[in-house]
Amino acid sequence: MSTPTVHPTHSGRHEARDYAQTPLNIYWEMTQACALACRHCRAEAVPCAHPQELTFAEGVAFLRQVNDFGSPLPHLILTGGDPLERQGLFELIDQARELGIGVSITPAATPKLTREMLVRLREHGVEGLGLSLDGSTAERHDSIRGVPGTFERTMQALRCAGELEMPIQVNTLVAAETADDIPAVFDLLKEFAVTRWSLFFLISVGRGKVLQPLTPDQGEKLMEWIYETSRIAPFTVATTEAPSYRRVALDRMRAAGMTSDQIKRTGAYRGFGIRDGHGIMFVSHTGDICPAGFLPLVAGNVRRDRVADVYRTSLVFQALHDPAQFRGRCGYCEYKVLCGGSRARAYSATGDPLAEDPFCHYEPHPR
Ligand code: SF4
């Protein structure tokens, strides 16, 4: 599994909170181990767990730390690698649930992802399931995922999760190699009980460097299509690592004469203000604390630091909490609070996490 799950959570829960104090979602990369070999894998997943992976006791200690954030607690998204490869997975889920932490999971579509596995996850209190679907056919999806049969397993997991009434988020990669297939993926997903569909705009890190991102013009046109599609879709449609979609959606809603109250009730509004390191944080398989899976700036490690302290007070996170520190167009853009650009893409392109998001099509007026 490499495509990230997103904000807000699978279950659609979204309480008001100060994202400079508490993230909505914490992504825990439980292990790098994974049987797939996805072409865009952030984690550069490998067949076996890393020897420095957090031990079970260290994993439990990390979960206890999450309570430092106070109420409402962040939601925990178990990712990887493949979290189903993690030793002690169910005991760790139980620990999180006992601590009052909501849990979702993003398993890889391997032979381990059976109906029995989904039933067990449900019984242990897992609230949501994230699945990756990067093509509308076996040929297209499996060529991205690197293992034949992955498409069929994903279809089977979608059917089973729907029957079990598990909230399902589907993540779809947006890159030059997949963009023409996105409408067909949408048509396919309408056949399933999907809760949320998130279009993940490629960030070139890890194995993602072998795929090509869209140009800003192509991205803008796709965002217009996403907005139109979101109005007729039977599920929420969102983007990941393309926060400038919020600008597109807000402009379209305002042009349609929607009031502020009406806009606040839309699915698009729920993501406003959340970005890498602000509303989300990431803990790696070795305990490194980063703003996001695609923004590998290490601000601390759960083996020696408290996650809440790092999130609230480290220089890295404090800068990401503050749009006034952003540079280039994102620094003087009127949308910088609700959007702020993809910090991960800025970092990937320039080495500066506060630089402008080079993917954005918009030219704000300098003040
Ligand atoms: S310039 Fe930056 S803040 Fe403004 S819409 Fe584009 S990505 Fe968002």
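Q: From which end are the helices and strands of this model numbered?
A: Helices (H or I, at least four residues) and strands (E, at least two) are DSSP runs. The model itself is predicted. Its elements are numbered from the N terminus.

Q: In which loop is the place of glycine 81, the residue that follows glycine 80 in a cis peptide bond?
A: Most peptide bonds are trans. The bond from glycine 80 to glycine 81 is cis, with omega near 20°. Glycine 81 has its place in the loop between β2 and α2 (89-98).

Q: What is the omega of the peptide bond from serine 71 to proline 72?
A: Proline 72 is placed in the loop between α1 and β2 (75-79). The peptide bond that leads from serine 71 to this proline 72 is cis, and its omega is near -5°.

Q: Is glutamate 165, which has a positive phi, buried or exposed?
A: Most residues other than glycine have a negative phi. Glutamate 165 is not a glycine, yet its phi is positive, at about 60°. The residue is found in the loop between α5 (150-163) and β5 (168-174). Because its relative accessible area is 64% and the cut-off is over 50%, glutamate 165 counts as exposed.

Q: Is glutamate 241 buried or exposed?
A: Glutamate 241 is not a glycine and has a positive phi of about 55°. Its position is in the loop between β7 and α8. Its relative accessibility is 10% and the limit is under 20%, so glutamate 241 counts as buried.

Q: Which residue has the backbone nitrogen that the side chain of aspartate 134 reaches?
A: Aspartate 134 is found in the loop between β4 (128-132) and α4 (138-145). With a relative accessibility of 2%, aspartate 134 counts as buried. Its side chain reaches, at 2.8 Å, the backbone nitrogen of leucine 173.

Q: How many residues apart are arginine 303 and glutamate 58, which form a salt bridge?
A: Side chains of opposite charge can pair when their charged atoms come close. In the salt bridge of arginine 303 with glutamate 58, the closest N and O atoms are 2.9 Å apart. Arginine 303 is in the loop between β11 (300-301) and α10 (307-313) and glutamate 58 is in helix α1 (residues 56-66), so the pair links distant parts of the chain, separated by 245 residues.

Q: What are the relative accessibilities of arginine 303 and glutamate 58?
A: Both residues count as partly exposed. That class lies between the limits of 20% and 50%. The value for arginine 303 is 37%, and the value for glutamate 58 is 26%.

Q: How many residues apart in sequence are the parts tied together by aspartate 352 and arginine 327?
A: The side chains of aspartate 352 and arginine 327 meet in a salt bridge with an N to O distance of 2.8 Å. Aspartate 352 lies in the segment after α13 (343-350), and arginine 327 lies in the loop between α11 (315-321) and α12 (329-332), so the pair joins parts whose separation in sequence is 25 residues.

Q: Are aspartate 357 and arginine 345 buried or exposed?
A: Aspartate 357 forms a salt bridge with arginine 345, and the closest N and O atoms are 3.6 Å apart. Because aspartate 357 lies in the segment after α13 and arginine 345 in helix α13, the pair ties together parts that are 12 residues apart in sequence. Aspartate 357 and arginine 345 are both buried.

Q: Which residues do salt bridges with shared partners join into one network?
A: By the rule applied here, the count comes to 16 salt bridges. Salt bridges that share partners form one network, which joins Glu224, Glu228, Arg231 and Arg252.

Q: How do the residues of the shell around the ligand divide?
A: The residues around the ligand include Arg247, Arg329, Lys336 and Asp357. Cys330, Cys333, Cys339 and Cys360 are also among them, as are Gly340 and Gly341. The shell divides into 4 nonpolar, 2 polar and 4 charged.

Q: Which element gives the largest share of the lining of the largest pocket?
A: The largest pocket has a volume of about 240 Å³. Elements that give two or more residues to its lining are α7 (216-232), β7 (236-240) and α8 (245-255). The lining residues, among them Tyr227, Arg231, Phe235 and Met258, divide into 7 nonpolar, 4 polar and 1 charged. The largest share, 3 residues, comes from α7.

Definitions and conventions: Residues numbered from 1 in each chain as written. Predicted model: local features only at pLDDT ≥ 70, side-chain atom pairs only at ≥ 80, totals over all residues. Heavy atoms only, no water. Near = heavy atom within 4 Å. Nonpolar A, V, L, I, M, F, W, Y, C, P; charged D, E, K, R; others polar. Salt bridge = Lys/Arg side-chain N within 4 Å of Asp/Glu carboxyl O. Buried < 20%, exposed > 50% of the residue type's maximum accessible area, 1.4 Å probe, protein only. 1 Å grid on protein atoms, 1.4 Å probe; cavity = no way out; pocket = protein on both sides within 12 Å on 5 of 7 lines; lining within 4 Å. Points joined across faces, edges and corners; volume = space filled by probe spheres on them. Polar contact = N/O pair within 3.5 Å; in protein donor to acceptor, adjacent residues only side chain to side chain.
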